[in-house]
Amino acid sequence: MKAFIPLFLADVREFVRDRTALFWTAAFPVMFIFIFGVIFSGGDDISFSIGLVNEDGPGGEQLVESFQAIEAFEITTGTREAELAALKDGDRAAVIVIPSGTGSTLARVANTGGGSPAPDSVALSVYYDAANQNRSQIVLNIIDKVVSGMNQGMTGITPVLTIEPQQVTATDLRNIDYLLPGILAMSLMQLGLFGTAGPLVSLREKGVLRRMGATPLNRATLLSSQVAFRMVLALCQAALLIGVGMLAFDVRVDLANLPLVALVVLFGASMFVTLGYFLSTLANTEEALQGIVGLPNFIFMFLSGIFFPVDMMPEWIRPVVDVIPLTYLGDLLRKTMLEAGSYYSTLTSVLVLGGWLLVSALLALRFFRWEQQG
Amino acid sequence: MAAIEVRNLRKVYQGVPAVDGISFSVAEGEVFGLLGPNGAGKTTTIECIEGLRQPDAGEITVLGRDFRSGPNGIKERIGIQLQTTGLYPRLTVAELLSLFGTFYARALPVDELLRLVSLEDKRNTLSKNLSGGQHQRLSLALALVNDPELLFLDEPTTGLDPQSRRQIWNIVKDLKRRGKTIVLTTHYMEEAQTLCDRVAVMDSGTIIAFGTPRQLIDQHFETAAVEFEDRNGASLELLNSLPGVTRASRDGTLVTLYSRDTPHTVEAMLAAAREGQIAFDDLRVRSATLEDVFLKLTGRRIRD
């Protein structure tokens with residue numbers, strides 16, 4: 001076993017000195033996060049640029065201040081023409097116009113104490129871009145809430161029924177939150193397909209395994225060092241992706257759950273690495289292997305629900321989705337990383353992944369070869 | 001005691017015997033050559049002895065032990081250079097040597113190995129960036145990592161330029177001086193003649209001649225070979241009738257006459273040329289080599 005560490009280090013050196021391997025295991029998934037993170041940005045943590053047109057002079061200042069106090073809004077003040085032009089250019093999410101006379105009306109309502117139905121009211125005009133439905137909807141909602149809050153404050157009526165917002169992660173998942181565990185699952189799969197099967201076929205094709213077989217080296221030592229290296233690599237990938245997600249996109253990973261996340265990462269990685277050992281038996285050359293791993297890579301990536309919820313997929317494709325291991329690894333990671341609601345039960349996920357692991361291991365044991373045939 | 005004992009070794013691939021019941025032994029401290037053309041069964045033979053292939057029949061004893069009684073005890077004591085040595089492409093020469101050292105109970109220091117094969121200045125070069133000759137010397141060093149008593153070299157100089165070949169030869173001669181037993185395969189006659197104490201000439205899975213290079217040549221040829229490029233296709237009958245000629249052979253336009261009386265043979269050739277019976281270019285006289293032995297025994301040249 002004294003060769004274990006040296007063989008492990010040999011794998012590390014081979015990996016670090018191979019730009020292609022580095023790219024696929026580190027840069028590629030990080031790029032995924034950034035691309036998706038930017039494309040799908042928009043959620044509760046993003047602020048909206050709001051144009052505010054105060055046509056009431058000093059009388060409207062109080063309202064202006066109230067709007068400026070809203071965290072989700074980035075307020076720009078200006079003339080009606082300038083702000084509407086900015087809205088048309090897409091530079092504003094909405095433009096709010098405070099008409100003249102607002103201040104004096106508000107003062108009158110405050111003086112009467114709101115005891116009787118106030119005959120006076122002020123209409124704030126809100127301009128928005130109908131083409132951008134989602135964003136406009138969110139902005140109008142916020143404005144509506146702000147305004148009703150102010151109404152209550154001014155009329156002094158204490159509402160009997162209030163809503164106290166409670167964060168429930170299941171409903172609070174932003175796209176990037178949903179994607180991060182999926183991208184991690186994807187990179188663990190690719191560690192097995194490209195990072196295990198590929199190098200194995202190459203080592204066999206070049207005769208490296210054969211040469212080492214001519215020494216007293218125990219094959220179990222070689223095998224265990226290869227697997228150990230990939231487990232460490234899986235944990236590094238997880239740390240990198242979670243770190244990038246947290247720092248760049250503020251993904252709220254449940255830190256207390258990290259040991260459990262690590263366990264799921266190791267479980268998923270061992271399943272895909274074992275699958276990689278089996279797939280490596282199907283090809284004699286690296287070129288031939290590309291086709292063999294390319295297909296499952298493609299199918300698993302797009303039919304596993306790691307990029308979008310399983311619910312969104314058409315019914316007829318569900319039988320495929322339901323047998324893909326990546327579906328369950330993504331789901332399990334999402335659950336442990338974010339404490340989010342999961343689609344499948346933990347037991348189901350563990351059983352399906354365990355089943356894949358078992359079948360891959362049996363097939364790998366049956367068909368794995370150290371030497372090229374012939 | 002013999003370092004290697006092979007009896008009736010037989011290995012069949014898809015019904016075709018690659019090695020067909022050969023027997024020989026290798027003495028301790030000698031350089032033993034398996035000589036023959038590609039496909040003669042040399043590599044199959046050497047890999048059966050190394051324990052990398054399972055023979056279909058026969059007995060092999062290496063350093064007094066049968067491989068079937070567990071190969072690892074023997075693997076510690078032998079060094080193997082395969083015909084093609086695959087290595088981690090992105091490890092350096094020194095890293096590979098020290099890695100292979102950990103596979104054995106006992107290993108030579110990396111610096112000493114580098115010195116043995118003159119690769120000191122390449123110690124930090126990645127293996128994929130080595131030239132053919134350097135790669136071959138590294139694979140030789142890897143075979144020496146455990147300071148083996150018995151060394152197997154499968155075509156150590158195939159595909160190398162003459163200078164690299166001589167470098168390898170010098171290393172092998174040096175190892176021989178250190179008392180190593182060496183078994184090598186080659187299809188270069190010159191290599192066998194230069195390095196080997198004894199040679200087994202193989203063809204189609206059998207040993208067709210056996211002995212020291214000198215013995216083999218003397219046994220088959222009393223004297224020299226007269227060679228020339230034939231321009232007008234003289235008949236073998238005519239050539240055989242020339243004085244002193246024991247045997248004539250033709251390979252395309254290249255004619256080889258084995259003669260026990262070179263001056264008379266050449267004299268007669270010149271006379272025949274004057275009468276227009278023969279026309280030749282490139283006339284040369286040389287001593288017979290193992291190549292001639294092979295040609296005589298099989299009717300073919302070894303290198304095609």
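## A partly exposed aspartate in chain B

Let's start with one residue: Asp281(B) is partly exposed, because its relative accessible area is 34%, a value that falls between the 20% and 50% cut-offs. Keep in mind that you are looking at a predicted model. Asp281(B) is found in strand S14 of chain B, which covers residues 280–287.

What does Asp281(B) touch, once its neighbours within four places in sequence are left aside? Its contacts are Phe228(B), Glu229(B) and Arg231(B). You can also check a distance from here: Ser241(B) is 40 residues away along the chain, and the C-alpha atoms of Asp281(B) and Ser241(B) are separated by 20 Å.

## Chain B as a whole

Now zoom out. Chain B has 304 residues, and 54% of them count as buried. If you trace the C-alpha atoms along the principal axes, chain B spans about 75 × 45 × 35 Å. Its secondary structure adds up to 11 helices and 14 strands.

The domain assignment splits chain B into domain 1 (2–212) and domain 2 (222–287). Taken over C-alpha atoms, the centres of these two domains of chain B are 40 Å apart. There's also a nice number on how the chain folds back on itself: take the contacts in chain B between residues at least 6 apart in sequence, and 67% of them join residues at least 24 apart.

## A covered helix

How many of the residues in helix H1 of chain B are buried? The helix runs over residues 42–50, and 9 of its 9 residues are buried. The list has some charged side chains in it, including Lys42(B), Glu47(B) and Glu50(B). Also among the buried residues are Thr43(B), Thr44(B) and Thr45(B), along with Ile46(B), Cys48(B) and Ile49(B).

Here's a handy bit of background: an α-helix has 3.6 residues a turn, so residues three or four places apart point the same way. Just after H1(B) you'll find Gly51(B), which takes a positive phi of about 85°.

## Chain A and its two domains

Over to chain A. The domain assignment gives it domain 1, made of two stretches (12–40 + 172–367), and domain 2 (48–164). The C-alpha centres of domain 1 and domain 2 of chain A lie 50 Å apart.

## Where the chains meet

The size of an interface is often given as the accessible area lost when the parts come together. Between chain A and chain B, that buried area is about 2500 Å², with carbon and sulfur atoms giving 59% of it. On the chain A side, Glu14(A), Arg211(A) and Pro216(A) lose the most area to chain B, together making up 30% of what that side buries. Counted by residue, 23 residues of chain A are in contact with 27 residues of chain B.

What about polar links? There are 9 residue pairs in polar contact between chain A and chain B. On the side of chain A that touches chain B, the elements giving two or more residues are helix H1 (4–16), helix H8 (175–206) and helix H9 (208–213) of chain A. H1(A) gives the most, with 6 residues. By type, the residues on that side of chain A divide into 11 nonpolar, 3 polar and 9 charged.

## Salt bridges, across and within

The whole structure holds 24 salt bridges over all chains, and the count between chain A and chain B is 5. In one of these, Glu95(B) pairs with Arg13(A), their closest N and O atoms being 3.2 Å apart.

Other pairs sit within a chain. In chain A, Arg80(A) and Glu55(A) form a salt bridge at 2.9 Å, N to O. This pair links distant parts of the chain, 25 residues apart: Arg80(A) belongs to helix H4 (residues 80–88) of chain A, while Glu55(A) lies in the loop between strand S1 (48–54) and helix H3 (61–68) of chain A. Arg80(A) is partly exposed at 27% relative accessibility, and so is Glu55(A) at 35%.

Asp322(A) and Arg318(A) meet in a salt bridge too, at 3.7 Å, N to O. Buried or partly exposed: which is Arg318(A)? Arg318(A) is buried, because its relative accessible area is 13%, under the 20% cut-off. Its partner Asp322(A) counts as partly exposed at 27%.

In chain B, the side chains of Arg178(B) and Asp174(B) form a salt bridge, 3.4 Å from N to O. Salt bridges that share partners also join Arg13(A), Arg17(A) and Glu95(B) into one network.

Technical notes
Residues numbered from 1 in each chain as written. Chains lettered and ligands numbered in written order. Predicted model: local features only at pLDDT ≥ 70, side-chain atom pairs only at ≥ 80, totals over all residues. Heavy atoms only, no water. Domains from an automatic or database assignment. Contact = heavy atoms within 4.5 Å. Buried area = accessible area lost by both parts, 1.4 Å probe. Salt bridge = Lys/Arg side-chain N within 4 Å of Asp/Glu carboxyl O. Polar contact = N/O pair within 3.5 Å; in protein donor to acceptor, adjacent residues only side chain to side chain. Helix = DSSP H or I, 4+ residues; strand = E, 2+ residues; numbered from the N terminus. Buried < 20%, exposed > 50% of the residue type's maximum accessible area, 1.4 Å probe, protein only.
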